[in-house]
Number of protein chains: 6
Amino acid sequence: MPFITVKVLEGKTKEQKRAMVEKMTKVVTETLDVDESRVFIFIEDLEKENYGKQGRLFSDLDD
Amino acid sequence: MPFITVKVLEGKTKEQKRAMVEKMTKVVTETLDVDESRVFIFIEDLEKENYGKQGRLFSDLDD
Amino acid sequence: MPFITVKVLEGKTKEQKRAMVEKMTKVVTETLDVDESRVFIFIEDLEKENYGKQGRLFSDLDD
Amino acid sequence: MPFITVKVLEGKTKEQKRAMVEKMTKVVTETLDVDESRVFIFIEDLEKENYGKQGRLFSDLDD
Amino acid sequence: MPFITVKVLEGKTKEQKRAMVEKMTKVVTETLDVDESRVFIFIEDLEKENYGKQGRLFSDLDD
Amino acid sequence: MPFITVKVLEGKTKEQKRAMVEKMTKVVTETLDVDESRVFIFIEDLEKENYGKQGRLFSDLDD
């Protein structure tokens, strides 16, 4: 029943995503008292050109 | 006025999306009593590597 | 697998929401070729004070 | 940098939310290699009348 | 055509929201070269109990 | 603290996005009385094939 969206800067590896999904599901299952089969996680890769903070594009902050 | 987001696993064809948009707009128009011109639909293609359920990445469940 | 969010102006009745969920699920099932048990719909009631269009709050446009 | 949204059925206690935020932050910090100060979590309480599955409102499935 | 969602901590006044909608619409109109009539803004009030940062609920950080 | 998502039709240039992020941050800072360092903006490029209005895909309306 929990539907979780994780917006994260592009570049994370499949191994990182796999570990995150596994452990996050466990955390949610335990703390919210829901069954593992009901936990859905969506990952959204955030491009540096599409992310702004402090008034600047992240791709510019990189420089 | 209804703004609808449809998150769906990648791989749907343009024909499927076209049919869904047409019929979903009709359903919303009729049940919520709004004008067709006010129905906006956004489709988000969900990559298998970015979708987790039951603690595993969908791209792993595929195997 | 489709996860659908419907943002709509507050004030819709439970009967309207019930009918929309029923018919929208059918449409998605048919056009995207997914099983009914995998269709999840979330309704978000939009308050007039929290909705802006054409540069004005909708609660002001009402007047 | 990860921005996490957790949509969950209404009725979770503050203690459950507190524990989830604490442990989820830890998981994300470790698996995605980001600093704790950059993890933001948003919880969205889902009303039973605004959640549909299998073509029916959850508030109807309750009965 | 731009659809903008602003998630902000609860407690902003109607006057603040009104000013934000007016000026944000102008900014988007000018920088993205779209017509004012096509700018939609949604405000989401974030409750302190539903917002976590640095591993803690914001309502706890308040103390 | 404001977290802003801007869904816009694909094709905007980096210069347009840069200007929007800069000016939108200023507007939010002034009208909502928050510090610039706390304004986060996410841009989502909307593909024409994934955007429906008036019951039709935008990529079809183009013709």
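This passage describes how the chains of a predicted model are arranged, how their helices pack, and where a few individual residues sit.

The symmetry of the assembly is a good place to start. Chain D is superposed on chain E by a rotation of 120° with 0.0 Å of shift along the axis, and the RMSD of this superposition is 0.0 Å. That relation is the one expressed by a three-fold axis. Within chain D, the residue that comes closest to the rotation axis is Glu44(D), whose C-alpha lies at 6.0 Å from it. The surfaces used by these two copies are also informative: only 6% of the interface residues of chain D are also interface residues in chain E, so the copies meet through different surfaces.

Some pairs of chains do not meet. Chain B and chain D do not touch, and their nearest C-alpha atoms are 13 Å apart. Likewise, no contact joins chain A and chain E, for which the closest C-alpha atoms are separated by 13 Å.

Helix packing between chains comes next. Helix H1 of chain E and helix H1 of chain F, the latter spanning residues 14-32, pack at an angle of about 165° with their axes 9 Å apart. With angles over 145 degrees counted as roughly antiparallel, H1(E) is roughly antiparallel to H1(F). The crossing of H1(E) past H1(F) is right-handed. On the H1(E) side, the residues making the contact include Gln16(E), Ala19(E), Met20(E), Lys23(E) and Met24(E), and on the H1(F) side they include Val27(F), Val28(F), Thr31(F) and Leu32(F). Sorted by class, this contact between H1(E) and H1(F) has 12 nonpolar, 4 polar and 2 charged residues.

A further helix pair is found between chains A and D. Here helix H1 of chain A (residues 14-32) packs against helix H1 of chain D (residues 14-32) at an angle of about 165°, and their axes are 9 Å apart. H1(A) is thus placed roughly antiparallel to H1(D), and H1(A) passes H1(D) in a right-handed crossing. Among the residues that meet are Ala19(A), Met20(A), Lys23(A) and Val27(A) in H1(A), together with Gln16(D), Met24(D), Val28(D) and Leu32(D) in H1(D). The class composition of the contact of H1(A) with H1(D) is 12 nonpolar, 4 polar and 2 charged residues.

Two backbone positions deserve a closer look. Most residues other than glycine have a negative phi. Asp33(E), which is not a glycine, has a positive phi near 60°. Asp33(E) is located in the loop between helix H1 (14-32) and strand E2 (40-46) of chain E, and its relative accessibility of 64% makes it count as exposed. A positive phi of about 55° is also found at Gln54(F), again in a residue that is not a glycine. Gln54(F) belongs to the loop between strand E3 (51-53) and strand E4 (56-57) of chain F. With a relative accessible area of 37%, Gln54(F) is partly exposed.

Gln54(F) also appears in the surroundings of a residue from another chain. Thr25(B) lies in helix H1 of chain B, which covers residues 14-32, and it counts as buried at 1% relative accessibility. Leaving aside residues up to four places away in sequence, Thr25(B) touches Met20(B), Glu36(B), Val39(B) and Ile41(B) within chain B, along with Gln54(F) and Gly55(F) of chain F.

Terms used:
Residues are numbered from 1 along each chain as its sequence is written. Chains are lettered from A and ligands numbered from 1 in the order in which they are written. This is a predicted model: local features need pLDDT of at least 70, side-chain atom pairs count only at pLDDT 80 or more; totals for chains, interfaces and linings use all residues. Side-chain values use heavy atoms; hydrogens and water are left out. Copies are superposed by least squares on the C-alpha atoms of residues with pLDDT of at least 70 in both. Contact means heavy atoms within 4.5 Å. Helices (H or I, at least four residues) and strands (E, at least two) are DSSP runs, numbered from the N terminus. Buried means under 20% relative accessible area, exposed over 50%, partly exposed in between (1.4 Å probe, protein chains only). Axes are lines fitted to C-alpha atoms, for helices over the stretch in contact, and angles run from 0 to 180 degrees between N-to-C directions. Angles under 35 degrees count as roughly parallel, over 145 as roughly antiparallel, 65 to 115 as roughly perpendicular and the rest as oblique. A crossing is left-handed if the near helix is turned anticlockwise from the far one by less than a right angle, and right-handed if clockwise. Ala, Val, Leu, Ile, Met, Phe, Trp, Tyr, Cys and Pro count as nonpolar, Asp, Glu, Lys and Arg as charged, and the others, Gly among them, as polar.
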